[in-house]
Amino acid sequence: MITGYYCTNIFSEQAKELIGFYRDVLEIPVLKTDVDESNGVYLGFIEHAPTLCIWDCKAFDAQPTGYQSFVFQTKNLDATIEHLKAKGLSPAEPVRFDWGTYELRLNDPDGNEIVIAELV
């Protein structure tokens, strides 16, 4: 029987770059590593909560993971966008939705969708 949700695995051909994007650009903390700083890296915000785990698919002779959509929260989307621009990103314009979110959508180096949402 299922007792919890542990992580989302991302197998990437460019794991080092992908880890750098999540850690350095989006500033998601590294909680632990299983292998080294470019393979088996768990990123998240709370210990013992679900994480993103990035693996080097070449090291495991595995296929890259298909595209995913990850949704993150922020308290101030406009400030977050300015912060991302200062890190060299050129994000599209954010959108306000009737259901109560103000969202920015962009892609990571593997093409996964990143949604950063401010709940309004």
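This report describes the fold, core, strand pairing and salt bridges of a predicted model of one protein chain.

## Overall architecture

The protein chain contains two helices and eight strands. Read along the sequence, these elements follow the order β-α-β-β-β-β-α-β-β-β. Along the principal axes, the C-alpha atoms occupy a box of roughly 40 × 40 × 25 Å. The radius of gyration of the protein chain is 15 Å, which agrees with the value near 14 Å for a compact globule of 120 residues.

Buried residues make up 39% of the 120 residues in the protein chain. The accessible surface amounts to about 7,600 Å², and carbon and sulfur atoms account for 51% of this area. When contacts between residues at least 6 apart in sequence are considered, 51% of them connect residues at least 24 apart.

## The nonpolar core

In soluble globular proteins, nonpolar side chains tend to be buried together. In this model, the largest nonpolar core comprises 23 residues. Tyr22, Leu26, Ile54, Phe72, Ile114 and Ile116 have the most contacts inside this core. Two or more core residues come from each of helix H1 (15-25), strand S3 (39-43), strand S4 (51-56), strand S5, helix H2 (77-86), strand S7 (101-107) and strand S8. The greatest contribution is that of H1, which supplies six residues.

Within H1, the buried residues are Ala15, Leu18, Ile19, Gly20, Phe21, Tyr22 and Val25. Tyr22 is also listed among the core residues with the most contacts. After H1 comes Glu27, which has a positive phi near 60°.

The surroundings of Ile116 can be described residue by residue. Leaving out residues up to four places away in sequence, Ile116 touches Leu26, Phe72, Thr74, Leu77, Thr80, Leu84, Tyr102, Glu103, Leu104 and Leu106. Two of these partners, Leu26 and Phe72, are themselves listed with Ile116 among the core residues that have the most contacts.

## Strands S5 and S8

Strand S5 spans residues 69-73 and has two faces that differ in cover. Phe70 and Phe72 form the covered face, whereas Ser69, Val71 and Gln73 form the uncovered one. Phe72 thus belongs to the covered face of S5 and to the core residues listed for the most contacts.

S5 pairs with strand S8 (residues 113-119) in the parallel sense, through five bridges. Ser69, on the uncovered face of S5, has Glu113 in S8 as its bridge partner.

## Salt bridges

Five salt bridges are found in the whole structure. One of them joins the side chains of Arg23 and Asp24, with an N to O distance of 2.8 Å. Arg23 is partly exposed, at 32% relative accessibility, and Asp24 is likewise partly exposed, with a relative accessible area of 39%.

A further salt bridge is formed by the side chains of Lys87 and Glu27, at 2.9 Å from N to O. This pair connects distant parts of the chain, 60 residues apart: Lys87 lies in the loop between H2 and strand S6 (95-97), and Glu27 in the loop between H1 and strand S2 (30-36). Lys87 has a relative accessible area of 33% and is partly exposed; Glu27, at 41% relative accessibility, is also partly exposed. Glu27 is the residue with positive phi that follows H1.

Arg105 and Glu113 also meet through their side chains in a salt bridge, at 2.9 Å from N to O. Salt bridges with shared partners unite Glu103, Arg105 and Glu113 in one network. Arg105 is partly exposed, with a relative accessible area of 39%, and Glu113 is partly exposed at 25% relative accessibility. Other interactions tie this network to its surroundings: Glu113 is the bridge partner of Ser69, and Glu103 is in the list of residues touched by Ile116.

## Strand S2 and Thr33

Thr33 is located in strand S2 and is partly exposed, at 38% relative accessibility. With neighbours within four places in sequence set aside, Thr33 contacts Gly40 and Val41. The C-alpha atom of Thr33 is separated by 37 Å from that of Trp99, which is 66 residues away along the chain.

Conventions
Residues are numbered from 1 along each chain as its sequence is written. This is a predicted model: local features need pLDDT of at least 70, side-chain atom pairs count only at pLDDT 80 or more; totals for chains, interfaces and linings use all residues. Side-chain values use heavy atoms; hydrogens and water are left out. Buried means under 20% relative accessible area, exposed over 50%, partly exposed in between (1.4 Å probe, protein chains only). Helices (H or I, at least four residues) and strands (E, at least two) are DSSP runs, numbered from the N terminus. Two strands pair if DSSP finds at least two bridges between them. A nonpolar core is a set of buried Ala, Val, Leu, Ile, Met, Phe, Trp, Tyr and Cys residues joined through side-chain atoms within 4.5 Å. Contact means heavy atoms within 4.5 Å. A salt bridge is a side-chain nitrogen of Lys or Arg within 4 Å of a carboxyl oxygen of Asp or Glu. The radius of gyration is taken over C-alpha atoms; the globule rule is 2.2 Å times the number of residues to the power 0.38. Accessible areas come from the Shrake-Rupley method with a 1.4 Å probe; for residues, only the protein chains shown count as cover.
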